[in-house]
Amino acid sequence: MKLTQKPLESYTQTVKEVFRLSEKYFKDLLEFNKHGKPIASFEPIEFFKYVQDCEYVKDPPGIEFVNRPKISLLLAGSGHPFDCDDRTILSLAYFKLRNYTQKLLGRKELFDYRVLVVGKADRPHHIYIEFKNKTDSNWIPFDPTYPYNVFGVKPFTPGFIKIFYENDL
């Protein structure tokens with residue numbers, strides 16, 4: 001499988017790539033399992049832990065790797081970059097796949113989701129998603145980037161925040 005790297009010039013371009021890769025390759029997740037259980041069948045908290053347990057590796061200086069889900073999972077633990085944007089792609093792909101499987105079964109989609117670009121000060125430096133059950137109005141933070149992040153808890157109070165929905169782009 002060919003690895004690609006793309007120069008990304010703005011956080012908006014990164015968000016577009018996150019949505020594009022998660023939409024085009026969400027079925028990648030069907031190829032993976034943990035202890036014989038398909039990760040596509042995990043509950044959200046199980047998937048959060050699964051991704052969180054993968055080693056964090058930041059991109060090299062001046063190079064932005066943005067990987068499809070299969071690349072991230074195949075190369076996890078190998079030293080290949082696996083940072084917040086890659087985990088956001090995986091997370092988004094997971095919720096897209098869960099909705100897709102519901103549709104295949106003739107059921108309604110379960111989840112809404114959105115991408116957040118945030119920063120502690122007035123500049124963006126981090127990306128993650130929030131999701132909600134379609135029957136609920138509360139958005140749930142989903143950021144498995146670091147081992148200390150907690151399911152359902154924002155990683156920090158942002159000084160900068162921009163929220164993106166797929167239809168925005």
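User: Which strand has the lowest mean pLDDT among the elements of the protein chain, and which the highest?

Analyst: This is a predicted model, so start with the predictor's confidence in each residue, which runs from 0 to 100. Here strand β1 (residues 33-34) sits at the bottom with a mean of 84, while strand β5 (residues 140-142) tops the elements at 98. For the protein chain as a whole the mean pLDDT is 92, and 95% of the residues reach 70 or more.

User: OK, now the packing. Which residues touch the most other members of the largest nonpolar core?

Analyst: The general idea is to look for buried nonpolar residues joined through side-chain atoms within 4.5 Å. In this case the core holds 37 residues, and the best-connected ones are Leu29, Ile39, Phe47, Tyr50, Phe95 and Val115. Two or more residues come from each of α1 (11-25), α2 (44-52), α4 (84-104), β3 (111-119), β4 (126-133) and β6 (160-164). The top contributor is α4, with eight residues.

User: Say I pick Tyr50. What does Tyr50 touch beyond four places away in sequence?

Analyst: Phe32, Lys34, Ile39, Phe42 and Leu73. Notice that Ile39 is, like Tyr50, one of those well-connected core members.

User: And Val18, is that residue buried or exposed?

Analyst: The cut-off for buried is under 20% relative accessible area. Val18 has 0%, so Val18 counts as buried. You'll find Val18 in helix α1. Skipping neighbours within four places in sequence, Val18 contacts Asp85, Thr88, Ile89, Leu92, Val115 and Ile127.

User: How far apart in space are Val18 and Asp53?

Analyst: They're 21 Å apart, C-alpha to C-alpha, with a sequence separation of 35 residues.

Definitions and conventions: Residues are numbered from 1 along each chain as its sequence is written. This is a predicted model: local features need pLDDT of at least 70, side-chain atom pairs count only at pLDDT 80 or more; totals for chains, interfaces and linings use all residues. Side-chain values use heavy atoms; hydrogens and water are left out. Buried means under 20% relative accessible area, exposed over 50%, partly exposed in between (1.4 Å probe, protein chains only). Helices (H or I, at least four residues) and strands (E, at least two) are DSSP runs, numbered from the N terminus. Contact means heavy atoms within 4.5 Å.
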